[in-house]
Amino acid sequence: MSKLFTPYQLGPVTLRNRTIRSAAFESMGKDFGPTQELKDYHVAVARGGVGMTTLAYAAVSRSGLSFNKQLWLRPQIVPALHDITDAIHNEGAATGIQIGHCGNMTHYTTAGQIPIGASSGFNLYAYTPVRAMRKDEIENIAKDFGRAVHTAHAAGFDSVEVHAGHGYLISQFLSPYTNHRKDEYGGSLENRMRFMRMCLDEAVNAARQDNMALVVKHNMYDGFKGGIEIPESIEIAKVIESYGVDGIVLSGGFVSKAPMAVMRGLIPTYTMSYYSPLWLRYFVRWCGPMMIKQFPFQECYFLEDAKKFRAALKSPLIYVGGLVSREGIDKALDAGFEMVQMARALVNDPSFVNKLREGDATTRSGCDHRNYCIARMYSKDMKCCHNCENLPRKIREELAKLP
């Protein structure tokens with residue numbers, strides 16, 4: 001008997017089944033706040049049968065914003081967010097929100113200041129200089145994580161996911177690739193984990209006060225030489241586990257260095273250039289294929305590495321990565337993972353979970369992982385090519401050529 005459609009107790013929250021809409025950036029905000037489009041999408045996913053749907057990547061402070069279509073979790077947007085959480089609850093699903101800080105992956109005009117990170121340098125991903133954080137900033141941003149949890153509670157969310165992976169700020173402190181500090185926040189693994197510990201101290205304490213579930217997204221590896229590898233990552237995961245979190249989401253990849261290690265599959269570079277700002281368009285078209293390392297897609301692409309963490313940890317673990325069928329989901333659950341997260345399958349069809357319930361073991365998503373949704377999501381809303389009408393001819397031709 002599959003565990004898929006059995007309830008799960010995620011900390012203080014009971015979920016109707018083992019599926020979570022993962023916190024993949026929807027690009028459906030406006031002026032750092034929610035929109036009707038964002039509400040409609042998550043309500044559709046909730047109506048489609050998911051156990052919990054997660055609003056993606058809400059910044060804990062102004063300096064942590066990458067895009068103006070991203071959420072900045074602050075008291076001013078609580079009423080609009082509460083309208084969304086109420087509507088999701090009415091469909092029978094739980095509500096989660098991912099919180100984090102982008103660190104060096106932003107611009108002055110968005111963040112309101114020179115981008116900050118673990119160390120100074122220049123970020124080729126955002127084409128901007130980066131300033132190393134002062135110690136008072138480190139302390140204040142850690143406290144912002146706790147404040148963000150309280151704000152999420154006020155907005156009606158059941159769960160918070162702390163983003164500690166993918167090369168964002170916590171990950172920038174953890175990874176030797178981006179952390180070159182000579183003080184107590186750099187060097188040894190224990191020092192590089194110090195900022196993560198500070199953020200978790202604040203976030204976990206706030207979640208317990210508010211009787212909320214709390215999970216952490218964690219990098220199993222960065223995806224390139226010089227970054228975090230699995231043995232060191234397991235040690236980090238054990239520290240996360242020591243906080244008594246309600247789940248650890250096992251992911252991988254580094255957006256500013258190996259973005260497709262996160263999502264897998266080929267990236268349609270012409271399509272990405274088409275939706276890029278004019279000043280960036282031709283650079284992406286000509287240099288994108290050389291700069292973006294390709295990682296072929298296969299279903300359950302993180303599973304074999306995630307099993308190493310399952311063997312080393314006792315905490316509830318949430319599998320994410322390439323789930324497009326009932327067979328793949330059952331394979332992850334049978335491997336000892338308590339829950340599964342999906343994104344692209346639910347971008348293609350918000351009702352995918354209901355179809356899994358109604359179908360059989362051969363039920364499969366219509367997502368073909370040509371990654372049109374990823375190519376457009378930083379400039380337009382995240383949308384599947386199969387749900388778009390009148391795509392430009394060259395985009396249709398490029399997508400048709402992808403295997």
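This dialogue goes through salt bridges, cysteines, cavities and one buried serine in a predicted model.

Me: How many salt bridges does the structure hold?

Reply: A salt bridge is read from the gap between a side-chain nitrogen of Lys or Arg and a carboxyl oxygen of Asp or Glu, with a cut-off of 4 Å. The structure holds 22 salt bridges.

Me: Which parts of the chain does the pair of arginine 364 and glutamate 299 link?

Reply: The side chains of arginine 364 and glutamate 299 form a salt bridge, at 3.3 Å from N to O. This pair links distant parts of the chain, with the two residues 65 residues apart. Arginine 364 lies in the loop between helix H15 (352–358) and helix H16 (372–376), and glutamate 299 lies in the loop between helix H11 (278–291) and helix H12 (303–312).

Me: Is arginine 364 buried or exposed?

Reply: The relative accessible area decides, and a residue over 50% counts as exposed. Arginine 364 is therefore exposed, at 53% relative accessibility. Its partner, glutamate 299, has a relative accessible area of 23% and is partly exposed.

Me: How many residues apart are lysine 308 and aspartate 305 in helix H12?

Reply: Lysine 308 and aspartate 305 are 3 residues apart in helix H12, so about one helical turn separates them. Their side chains meet in a salt bridge, with an N to O distance of 3.4 Å. As for accessibility, lysine 308 is partly exposed at 44%, while aspartate 305 is buried at 19%. Aspartate 305 counts as buried because the cut-off for that class is under 20%.

Me: What does the salt bridge of aspartate 368 and arginine 370 look like?

Reply: The side chains of aspartate 368 and arginine 370 meet at 3.3 Å, N to O. Aspartate 368 is partly exposed, with a relative accessible area of 30%, and arginine 370 is partly exposed as well, at 26%. Elsewhere, salt bridges with shared partners join Arg131, Arg134, Asp136 and Glu137 into one network.

Me: How many disulfides does the structure have?

Reply: The test is the distance between two cysteine sulfur atoms, which must be within 2.5 Å. By this rule the count is 0 disulfides. Cysteine 199 is in no disulfide, and the nearest cysteine sulfur, from cysteine 102, is 13 Å away. Cysteine 199 is buried, with a relative accessible area of 0%.

Me: Why is cysteine 384 in no disulfide?

Reply: The nearest cysteine sulfur, that of cysteine 385, is 4.6 Å away, and a disulfide needs the two sulfur atoms within 2.5 Å. Cysteine 384 is buried, at 9% relative accessibility.

Me: How many cavities are found in the whole structure?

Reply: Empty space inside a model can be found by rolling a probe the size of a water molecule over the atoms. Here a search of the whole structure finds 4 cavities of 30 Å³ or more. The largest cavity has a volume of about 80 Å³, and the second largest has a volume of about 40 Å³.

Me: Which residues line the largest cavity?

Reply: The lining includes Arg344, Val347, Asn348, His369, Asn371, Tyr372 and Cys373. Aspartate 368 and arginine 370, the salt-bridge pair met above, also belong to the lining, as do cysteine 384 and cysteine 385. Helix H14 (344–348) and H16 each give two or more residues, and H14 gives the most, with 3 residues. By class, this lining has 6 nonpolar, 3 polar and 3 charged residues.

Me: Which elements give two or more residues to the lining of the second largest cavity?

Reply: They are strand S4 (52–59), strand S5 (94–100) and strand S9 (159–163). S9 gives the most, with 3 residues. Among the lining residues are Met52, Thr54, Gly96, Ile97, Ser159, Val160 and Glu161. The classes are 6 nonpolar, 4 polar and 1 charged.

Me: Where is the place of serine 171, and which residues does serine 171 touch?

Reply: Serine 171 is in helix H5 (residues 169–174). Serine 171 is buried, with a relative accessible area of 2%. Leaving aside residues up to four places away in sequence, serine 171 touches Ala164, Gly165, His166, Thr178, Asn219, Asp222 and Phe254.

How values were computed
Residues are numbered from 1 along each chain as its sequence is written. This is a predicted model: local features need pLDDT of at least 70, side-chain atom pairs count only at pLDDT 80 or more; totals for chains, interfaces and linings use all residues. Side-chain values use heavy atoms; hydrogens and water are left out. Helices (H or I, at least four residues) and strands (E, at least two) are DSSP runs, numbered from the N terminus. Buried means under 20% relative accessible area, exposed over 50%, partly exposed in between (1.4 Å probe, protein chains only). On a 1 Å grid over the protein atoms alone, a cavity is a set of points where a 1.4 Å probe fits but cannot get out, and a pocket is an open set with protein on both sides within 12 Å along at least five of seven lines; lining residues have an atom within 4 Å of a point. Grid points are joined across faces, edges and corners, and a volume is the space filled by probe spheres set on the points. Ala, Val, Leu, Ile, Met, Phe, Trp, Tyr, Cys and Pro count as nonpolar, Asp, Glu, Lys and Arg as charged, and the others, Gly among them, as polar. Contact means heavy atoms within 4.5 Å.
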